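Me: Could you take a close look at one charged side chain here and the parts of the fold around it? I'd like the cut-offs behind each term as you go.

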Amino acid sequence: MRERPHNRAKGFTLVEVLVALAILGLVAGGVLALTAQNARFQAAAETRLLAGILVDNELIEALGRVSTLERGRSKGSADFAGRSWTIERSVANLNNNGLVQIEITVRGAAGRTEASGVVIKAESS
């Protein structure tokens, strides 16, 4: 008479389960790191966008002024979108034909330049 082989229980061994959990942990850690990096990139892009809006506003205001712009450098501050910004203005003559260069630089709270812009305006003498 032949002996019947014992039926082995079907399933995963402890080593297989541990390897699967380790792989799952590595994948989850990678996804979390990518999510955190994406949040940092999004915050930096938002900061640059807001600073760009401030630069555009300042340049449009300077272009729209009827009176002669004061030459030289000046510095001011603004609160916009719940943040504090430093705005630096530079106005300089380009030539004797009444052309003026206007440069605006916007810095964030950390003092880093977030956006800048330059425009040329014709002023009557």
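## A charged residue and its surroundings

Reply: Happy to! E88 counts as buried, at 18% relative accessibility (buried means under 20% relative accessible area, exposed over 50%, and partly exposed in between, with a 1.4 Å probe and protein chains only). Keep in mind that this is a predicted model, where local features need pLDDT of at least 70, side-chain atom pairs count only at pLDDT 80 or more, and totals for chains, interfaces and linings use all residues. Residues are numbered from 1 along each chain as its sequence is written, and side-chain values use heavy atoms, leaving out hydrogens and water.

E88 and R107 meet through their side chains in a salt bridge of 2.9 Å, N to O (a side-chain nitrogen of Lys or Arg within 4 Å of a carboxyl oxygen of Asp or Glu). That pair links distant parts of the chain, with R107 in strand 3 and E88 in strand 2, 19 residues apart. Helices (H or I, at least four residues) and strands (E, at least two) are DSSP runs, numbered from the N terminus. R107 is partly exposed, at 24% relative accessibility.

E88 also forms a salt bridge with K75, at 3.9 Å from N to O. Here the link runs from strand 2 to strand 1, where K75 sits, and spans 13 residues. K75 is exposed, with 63% relative accessibility. Together, K75, E88 and R107 are linked in a network of salt bridges.

Now for the sheet. Its four strands form an open sheet in the order 1-2-3-4 with antiparallel pairing; two strands pair if DSSP finds at least two bridges between them. Strand 1 (72–80) and strand 4 (113–122) are the edges, each with a single partner strand, so one side of each has no neighbour in the sheet. From one strand to the next, the twist averages 20°. Eight bridges join strand 2 (residues 83–93) to strand 3 (residues 99–107), and nine connect strand 3 to strand 4. R107 stands opposite T113 in strand 4.

Helix 1 (residues 14–64) adds one more charged pair: E58 and R89 form a salt bridge, with their closest N and O atoms 3.0 Å apart. E58 lies in helix 1 and R89 in strand 2, so this pair ties together parts 31 residues apart in sequence. E58 is buried, at 14% relative accessible area, whereas R89 is partly exposed at 26%.

Conventions:
Axes fitted to C-alpha atoms, helices over the stretch in contact; angles between N-to-C directions.
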